[in-house]
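Happy to go through this one together. Let's ask how each label is earned.

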Amino acid sequence: MTTTSTTDQTRQASAKWWHRLDDGRIQCDLCPRNCRLREGQRGFCFVRLRQDDQMVLDTYGRSSGFCLDPIEKKPLAHFHPGTPVLSFGTAGCNLGCKYCQNWEISTSRQFDTLAAEAGPDAIVEAAENWGARSVAFTYNDPVIFAEYAIDVARACRERRIEPVAVTAGYISDEARPEFFAPMAAANVDLKGFTEDFYRRVTGGRLATVLDTLTYLVHETDVWTEITTLVIPGHNDSDDELARMCAWIARELGPDVPLHFSAFHPDNRMLDVAPTPPSTLRRARRIGLDAGLHFVYTGNVHDRRADTTWCPGCGAALIVRDWYQIIDYRLTPEGCCPDCGRAIPGRFDREPGDFGRHRIPISI
């Protein structure tokens with residue numbers, strides 16, 4: 001993709017997934033919002049706009065920063081455990097989550113947020129130099145910078161580095177196949193399990209996210225895990241959690257890992273209390289009772305809930321303390337050494353030893 005510099009602070013690229021309307025506007029077809037724009041107007045995500053009678057992406061090649069993270073922080077528990085991932089995001093978002101934990105980035109309307117500049121080749125070279133096994137599009141949703149993410153993902157694939165999408169899955173049927181085609185793994189944020197929660201708290205629609213999950217698991221080879229941020233009084237009832245876990249087990253299968261993560265007050269939900277560890281333990285038990293084989297918790301210290309257990313014989317296979325791997329007992333074939341049960345995921349003969357700390361880097 002060719003980019004052209006329009007100012008000292010912004011790079012732009014021709015955008016895909018749009019069409020002209022009879023009334024003179026153009027419609028963005030990237031996500032279900034279908035923003036309809038006149039000249040100079042921006043979409044809900046803020047980074048896609050109409051300029052010179054075309055749709056452009058305003059943040060191609062610019063990032064809010066780069067870090068090396070443990071892959072478990074994305075979170076991905078069954079994808080090259082213990083290895084480092086080069087993580088970055090841009091600005092803006094196509095959802096409006098009231099509790100967003102990265103709101104300074106996702107709601108940014110200032111391009112000085114994007115202080116780091118790097119094209120696809122530079123990112124891949126940095127990943128190689130720092131020993132990263134993968135590159136993650138994260139912090140804000142990569143769907144809104146799809147052209148940039150796809151180009152980086154394709155460059156990664158050429159150098160045998162694994163691209164990872166950390167996303168809310170709020171993407172149109174039209175754009176979904178091309179966006180996920182170069183991805184090796186995805187963690188999809190399933191924010192709740194009622195349309196009312198999605199409408200009130202995120203400004204989106206649950207059905208679209210369920211469609212994305214079904215597509216990823218049944219129509220692609222993308223390794224997929226799910227994260228739900230459990231918010232007291234909003235999406236933490238036994239009934240909602242049970243229905244969600246039952247849907248995952250029935251529609252996606254029991255081997256899709258599910259992460260329940262603790263909420264902390266942020267953005268426009270400062271009046272909601274942090275998630276108690278007991279709530280996460282309850283959510284995990286509901287998931288296991290629903291037949292899910294791999295249920296984890298996040299943002300709390302719980303070694304048992306961080307550990308990968310064999311669903312066949314109950315043996316501890318990957319023992320974690322926060323993001324640090326303490327013990328790794330999978331066979332080279334990715335099986336339990338005690339009963340021979342194959343564990344789904346993307347595993348190496350030996351785990352990585354990156355550890356738990358994130359390292360900011362420059363490109």
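What follows is a set of questions and answers on how the labels fit this model.

Q: What kind of model is this, and how are its residues numbered?
A: This is a predicted model, in which local features need pLDDT of at least 70, side-chain atom pairs count only at pLDDT 80 or more, and totals for chains, interfaces and linings use all residues. Residues are numbered from 1 along each chain as its sequence is written, and side-chain values use heavy atoms, with hydrogens and water left out.

Q: What makes E4 and E5 paired strands?
A: Two strands pair if DSSP finds at least two bridges between them. Strand E4 (residues 26-28) and E5 are joined by 2 bridges and run antiparallel, so the pairing rule of at least two bridges is met. Ile26 has Leu37 in E5 as its bridge partner. As for the names, helices (H or I, at least four residues) and strands (E, at least two) are DSSP runs, numbered from the N terminus.

Q: Why do E3 and E5 count as edges?
A: The open sheet has 3 strands in the order E3-E4-E5, with antiparallel pairing. Strand E3 (18-20) and strand E5 (36-37) each have a single partner strand, so one side of each has no neighbour in the sheet.

Q: Why is the pair of Tyr60 and Tyr148 called tilted?
A: Rings of Phe, Tyr and Trp (its six-membered ring) pair if their centres lie within 6.5 Å; planes under 30 degrees apart are stacked, over 60 edge-to-face, and the rest tilted. The search of the whole structure finds 9 aromatic pairs. In one of these, Tyr60 and Tyr148 are 5.0 Å apart centre to centre with 45° between the planes, so the pair is tilted. Tyr60 lies in the loop between strand E7 (54-57) and strand E8 (62-63), while Tyr148 is in helix H3 (residues 146-158), 88 residues apart.

Q: How do you know that Phe66 and Phe88 form a pair, and what type is it?
A: Their ring centres are 5.3 Å apart and the planes make 40°, so this pair is tilted by the ring rule. Phe66 sits in strand E9 (residues 65-70) and Phe88 in strand E10 (residues 84-89), 22 residues apart. Ring pairs also link Tyr60, Phe66, Phe88, Phe137, Phe145 and Tyr148 into a cluster.

Q: Is Phe145 buried or exposed, and how do you know?
A: Buried means under 20% relative accessible area, exposed over 50%, and partly exposed in between (1.4 Å probe, protein chains only). Phe145 has 0% relative accessibility, so it is buried. Phe145 lies in the loop between strand E12 (134-137) and H3.

Q: What makes Arg33 a charge over a ring?
A: The term applies if NZ of Lys or CZ of Arg is within 6 Å of the ring centre and within 35 degrees of the ring normal. Arg33 lies over the face of Phe44, at 3.7 Å from the ring centre. Arg304 lies over the face of Trp309, at 4.5 Å from the ring centre.

Q: Why do Cys336 and Cys313 not form a disulfide?
A: A disulfide is a pair of cysteine sulfur atoms within 2.5 Å. The sulfur of Cys336 is 3.7 Å from that of Cys313, its closest cysteine sulfur, so the gap is too far for a bond. The structure holds 0 disulfides. Cys97 is in none either, with the nearest cysteine sulfur, that of Cys100, 6.3 Å away. Cys336 is buried at 2% relative accessibility, and Cys97 is buried with 10%.

Q: How do you know what Asn34 and His80 are called, buried or partly exposed?
A: Asn34 has a relative accessible area of 29%, so Asn34 is partly exposed. His80 has 4%, so His80 is buried. Asn34 is in the loop between E4 and E5, with a positive phi near 50° in a residue other than glycine. His80 is in the loop between E9 and E10, and its phi is positive too, at about 45°, although it is not a glycine.

Q: Which residues are joined by a cis peptide bond?
A: Lys74 and Pro75 are, with omega about -10°. Pro75 is found in the loop between E9 and E10.
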